[in-house]
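Reader: Hi! I'm new to this and would love a close look at one part. Could you walk me through it slowly?

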Amino acid sequence: MQTKIVDILSVKDELNKIQRAADIIRSGGLVAMPTETVYGLAADGLNEEAVKKIFDVKKRPADNPLILHISSEAELHPLVSEISDWAKILIDKLWPGPLTIIFKKSDIVPSIISAGGDTVAIRMPDNEIAKSLIRLSQTPIAAPSANLSGKPSPTNAIDVYVDLNGKIDMILDGGGSEIGIESTVVDTSDDIPRILRPGFYDYELLKEIIPDIIYDDALIEDDQRPRSPGQKYKHYAPIADLYVYSTKLDDKIGRMQSDVEKYKSENKNVGILTFNENMPYFNADVMLNVGSKYDIREMARVLFSKLRDFDRMGVDIILAEGVEEKGLGFAIMNRLKKSAGNKVIE
């Protein structure tokens, strides 16, 4: 299969290109599409055979549920059996946007989407290319991140191409993702709304909208069914070993540089991931910055692409500066910890 990269500079002027991608979706094929969070691997969410291709191409475990993407609220109702008052509030306040809501599913949603459960995760992305593709496809689109399972999520078309060239039909190139980490996931299918996966919309914001919301602190064991993507498996991992340095360390910068010297003495190629202000304090083989420590939105936007850059540069070990776990920092640390397999230096 020859994977085509199709540039979309203007949705209005290039709708014919998106229509070709929609024709692929309707025929059971796979298309990578940009969203405001990360690039997604899109298939007809009501076509079980098409959805199976997602799992095969990504090498994704079958018990890891998928998110259905819609382009309007009218498309939601056939997919769910009920919409709670909490969900109605979130839809009104935060859709379209980087928020996935979990509902009790209707019978038309294939069990492969929900990993055999009775709920379904649904999102309305805030990206004109994605919304146009969904609308033209005339079906809800299943779209996990467009990468090989376990690798850093792609935030641009080239990273999708590196992972999936020859395995999917088309990549719609809409430029770099604006947010860079996956959506927040909120379960509204029970009496108490719960955050299952942190994302751009943080706890503090959601608490203002729904005072009763809580974090889901239950650990997903091997014999339990996850209710949201990202709950059960190691994710976002570079090839190199990654260690995250907590803000709880008294001398975080000093400890990181000390460990740089230790690993270099073992003939390891060492990479440092840090903020721009702290770059002068390090002496490693590769040093990449994630923007200013005073604006961690940039860190969220570039995090996955920087991890992929380290792999391209052939480092053996990455030492990453952590952030305080509040607001967007909680989501960033969630991704870093999963990328590192919970190798956190505290």
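In which handedness of crossing does H1 pass H4?

Author: Sure, a bit of background comes before the helices. This is a predicted model, where local features need pLDDT of at least 70 and side-chain atom pairs count only at pLDDT 80 or more, while totals for chains, interfaces and linings use all residues. Residues are numbered from 1 along each chain as its sequence is written, and side-chain values use heavy atoms, with hydrogens and water left out.

Now, your crossing: H1 passes H4 in a right-handed one (left-handed if the near helix is turned anticlockwise from the far one by less than a right angle, right-handed if clockwise). The labels come from DSSP runs, numbered from the N terminus: helices are H or I with at least four residues, strands are E with at least two. H1 covers residues 15-26 and H4 covers residues 128-137. Their axes come within 8 Å and cross at roughly 55 degrees (axes are lines fitted to C-alpha atoms, for helices over the stretch in contact, and angles run from 0 to 180 degrees between N-to-C directions). That makes H1 oblique to H4 (under 35 degrees is roughly parallel, over 145 roughly antiparallel, 65 to 115 roughly perpendicular, and the rest oblique).

Who touches whom? On the H1 side you'll find Leu 15, Ile 18 and Ala 22, among others, and these H1 residues meet an H4 group including Ile 129, Leu 133 and Leu 136 (contact means heavy atoms within 4.5 Å). The residues of this contact divide into eight nonpolar, three polar and one charged (Ala, Val, Leu, Ile, Met, Phe, Trp, Tyr, Cys and Pro count as nonpolar, Asp, Glu, Lys and Arg as charged, and the others, Gly among them, as polar).

H1 has a sheet to deal with too. H1 lies across S1, S2, S3, S7 and S8, running at about 145 degrees to S8. Those strands belong to an open sheet of eleven, in the order S1-S8-S2-S3-S7-S4-S6-S5-S9-S10-S11, with mixed pairing (two strands pair if DSSP finds at least two bridges between them). S1 (4-7) and S11 (214-215) stand at the edges with a single partner strand each, so one side of each is left without a neighbour in the sheet. Over at the S11 end, S10 (residues 194-197) is joined to S11 by two bridges, and the two run parallel. There, Arg 194 stands opposite Ile 214 in S11.
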